[in-house]
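Trainee: Got a minute? I'd like to go through this one with you before I do anything else with it.

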Amino acid sequence: MLLVAPAGALFALFFAVPLAVLAVDALGEGGTAFARVFALPTFWPSLGGSLVLTLVAATLSTAVGLAVAVHLASMSERRRTLLSFVIALPLTFSGLIVAYGFILGWGRAGFFTQIVAALGADAAVIGKALFTPTGLAFASSYYLIPRVVMALLPVLVNFDRAQLVAAESLGATRAQAFRQVLLPQIAAPVAGAACLVAAVVFGAYGTALALVGTQLRILPLQLYSLVSETGSDFPAAAALALLITAACSAMMTAGEWFGSRHERHLAN
Amino acid sequence: MTAARAPRFVRLVTAVYLAYLAAPIALLFVGSFGNLWLNTLLPSGFTFRWYAEVATDPSFRRAFVSSLTVAALVVVLCVVVGLPLAYAVFRARRPAVRAVARVLYQLPVALPALVLAFGFIRAFSSDALPWLGSVWLLVAGHLVLGLPYFLQAVVADMQRLNLRVLEAAAESLGANGAQRFFQIVLPSLRHSILAGLIVVAALSIGEFQFSNLVAGFLNRTYPVVQLQAFYGATGFACAATVVLLALALAASFAGAASTGGAIRPAQVH
């Protein structure tokens, strides 16, 4: 009991109390704060932007992360350890590093924007793309893909590849063996990783703020504007904060459920 | 899984991905040493002046010291609060304790830093708890956001080492609780404790989303001040960002060295 007391006090005061205050703010007026959130002119466009961002980022980073993890799992342990280290680097990067790195590469006068323009593409279109929800998804994948790789690598390393060899010896192509033998068995952890990165990107605002400022229509930036502007409607902001937290927690819980399904699959 | 080689398509994706991974880092370094970078493919001229400007800028200097102070306090408190908690979670027989720990692991993702920051603003600007603007509030927030990663790393290591068997052996030889903790538990866990603390320190130093709203004007941390640099000269912004990047890279190398690369890095963000 004594062992958990300091942590209990920490989380009571600096986690439970702030959340309880927000809940009181949001629910205090009989739920009218939620009605005011839905009536904000920017709420529905921001929800749309967040959905596009989350869907594109989760799909892109899960697809790339899966391919990279499959490749890493087929390597010798030495090479795999080395490459895992390199791939894990962005996990401790602040969102600001990612934002400025992508401005240098893909911004209006970015390195790659100019190269693509020299090859005949419209520089104005490419240079603006980074500052849309889809472009933000492309930049956010920078710190999401490592999460997918780290989540899936243990699953793939433990996968018995003799099954793939058997499938190929029975006449399947390598691609068929991967699609029809490997994929069905790792579907649950892949879905779990997708949920995890969706929850991460849905609640984040740092990279977006550094890239575009508050003009970009996504829910966390809308909340940030409400919080940082003076004289704004705090109960409505608290209601929006609860909605965002509920969405992130739901995605996280779904991810956990997929993960536990895979553990049951292995136990059987 | 080494019997069959990966399909060519998969190897191609990895190659493109590694280029995508390296490009922003390379461009930031190049830009920080470039004298002038304005609508050209790469900057022209070589200079150290951007680093000199960052180093002599009073607000950057203060922010740097502030970041290091906060990170140091977070690391110390992480040991004080987190180590007993990890030990309790590991020894717990009741499934409820393990369930609470699993919820805790998910906390940094399930609860966005922005929402926690807003909760802090509302809770600690009241007359009862008027702490907003103090450095301790920053420390507390970073601790709540970082502790789950430390806990996960240390509890996993306790399970991997089969600590219970070691402790039972020590107990049978007459060691009491404190002796077991300081002579068996702590020395066996030193690698994972160090690696966990490095991750927590790196997270604290790079943390922006929480600090941006909660830091007082006098204790703004480095990333909060760094955002202002984005609106100035490219070289200055690059140099200011490379400082943060270099710290994150150093933390990754230190983390890998402390575990000998055996344990994969904790997952962050």
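What follows is a chat about a predicted model, going from chains to helix pairs to the core.

Trainee: Let's start with chain A. How many helices and strands are there in chain A?

Mentor: Reading along the sequence of chain A, you get α-α-α-α-α-α-α-α-α-α-α-α-α. The C-alpha trace of chain A spans about 70 × 65 × 35 Å along its principal axes. The count for chain A is 13 helices and zero strands.

Trainee: And chain B, what does its secondary structure come to?

Mentor: The pattern for chain B reads α-β-β-α-α-α-α-α-α-α-α-α-α. Its C-alpha atoms fill a box of roughly 70 × 65 × 30 Å along the principal axes. So to speak in totals, chain B comes to eleven helices and two strands, going by DSSP runs.

Trainee: What share of the residues of chain B count as buried?

Mentor: The cut-off for buried is 20 or more other C-beta atoms within 10 Å. With that cut-off, 49% of the 268 residues of chain A count as buried. For chain B, with 269 residues, the value is 46%.

Trainee: Now contacts within a chain. Of those in chain A between residues at least 6 apart in sequence, what percentage join residues at least 24 apart?

Mentor: Take chain B as a warm-up: among its contacts between residues at least 6 apart, 72% join residues at least 24 apart. Put to chain A, that question gives 75%.

Trainee: Which helix gives the most to the side of chain A that touches chain B?

Mentor: The contact takes 78 residues from chain A and 71 residues from chain B. On the chain A side there are 59 nonpolar, 15 polar and four charged residues. With twelve residues, the one giving the most to that side is helix α1 (residues 5–27) of chain A.

Trainee: On to helix pairs. How is α8(A) oriented relative to α10(A), roughly parallel or roughly antiparallel?

Mentor: Helix α8 (residues 133–157) of chain A and helix α10 (residues 174–202) of chain A pack at about 155°, with axes 10 Å apart. Angles over 145 degrees count as roughly antiparallel. Therefore α8(A), relative to α10(A), is roughly antiparallel.

Trainee: How do the residues of the contact of α8(A) with α10(A) divide by class?

Mentor: α8(A) passes α10(A) in a right-handed crossing. Among the residues making the contact are Leu144(A), Val148(A) and Leu152(A) of α8(A), along with Ile186(A), Ala193(A) and Val197(A) of α10(A). The split is 14 nonpolar, one polar and one charged.

Trainee: What about α9(A) on α10(A), what kind of arrangement is that?

Mentor: The axes of helix α9 (residues 162–169) of chain A and α10(A) come within 9 Å and cross at roughly 125°. Gln163(A), Leu164(A), Ala167(A) and Glu168(A) in α9(A) meet Arg174(A), Ala177(A), Val181(A) and Leu182(A) in α10(A). The residues of that contact divide into five nonpolar, one polar and two charged. Because of that crossing angle of roughly 125°, α9(A) to α10(A) counts as oblique.

Trainee: Is the crossing of α4(A) past α8(A) left-handed or right-handed?

Mentor: Helix α4 (residues 77–88) of chain A and α8(A) pack at about 145°, with their axes 9 Å apart. Ser84(A), Ile87(A) and Ala88(A) of α4(A) make the contact with Pro146(A), Val149(A), Met150(A) and Leu153(A) of α8(A). By class, that contact has six nonpolar, one polar and no charged residues. The crossing is left-handed.

Trainee: Which helix gives the most to the largest nonpolar core?

Mentor: The largest nonpolar core has 170 residues, and those with the most contacts inside it are Leu152(A), Val197(A) and Ala199(A). The one giving the most to this core, with 16 residues, is helix α3 (residues 58–91) of chain B.

Trainee: Leaving aside residues up to four places away in sequence, which residues of chain B does Ala199(A) touch?

Mentor: Within chain A, Ala199(A) touches Cys248(A), Met251(A), Met252(A) and Gly255(A). From chain B, the partners are Val109(B) and Ala110(B).

Trainee: Last one: is Ala251(B) buried or exposed?

Mentor: Ala251(B) is found in helix α11 (residues 234–259) of chain B. Leaving aside neighbours within four places, Ala251(B) is in contact with Thr92(A), Ile198(B), Ala201(B) and Ala202(B). Because 22 other C-beta atoms lie within 10 Å, Ala251(B) is buried.

Note on methods
Residues are numbered from 1 along each chain as its sequence is written. Chains are lettered from A and ligands numbered from 1 in the order in which they are written. This is a predicted model: local features need pLDDT of at least 70, side-chain atom pairs count only at pLDDT 80 or more; totals for chains, interfaces and linings use all residues. Axes are lines fitted to C-alpha atoms, for helices over the stretch in contact, and angles run from 0 to 180 degrees between N-to-C directions. Helices (H or I, at least four residues) and strands (E, at least two) are DSSP runs, numbered from the N terminus. Angles under 35 degrees count as roughly parallel, over 145 as roughly antiparallel, 65 to 115 as roughly perpendicular and the rest as oblique. A crossing is left-handed if the near helix is turned anticlockwise from the far one by less than a right angle, and right-handed if clockwise. Two residues are in contact if their C-beta atoms, placed from the backbone, lie within 7 Å. Ala, Val, Leu, Ile, Met, Phe, Trp, Tyr, Cys and Pro count as nonpolar, Asp, Glu, Lys and Arg as charged, and the others, Gly among them, as polar. A residue is buried if 20 or more other C-beta atoms lie within 10 Å of its own, exposed if 12 or fewer, and partly exposed in between; C-beta atoms are placed from the backbone. A nonpolar core is a set of buried Ala, Val, Leu, Ile, Met, Phe, Trp, Tyr and Cys residues joined through C-beta atoms within 7 Å.
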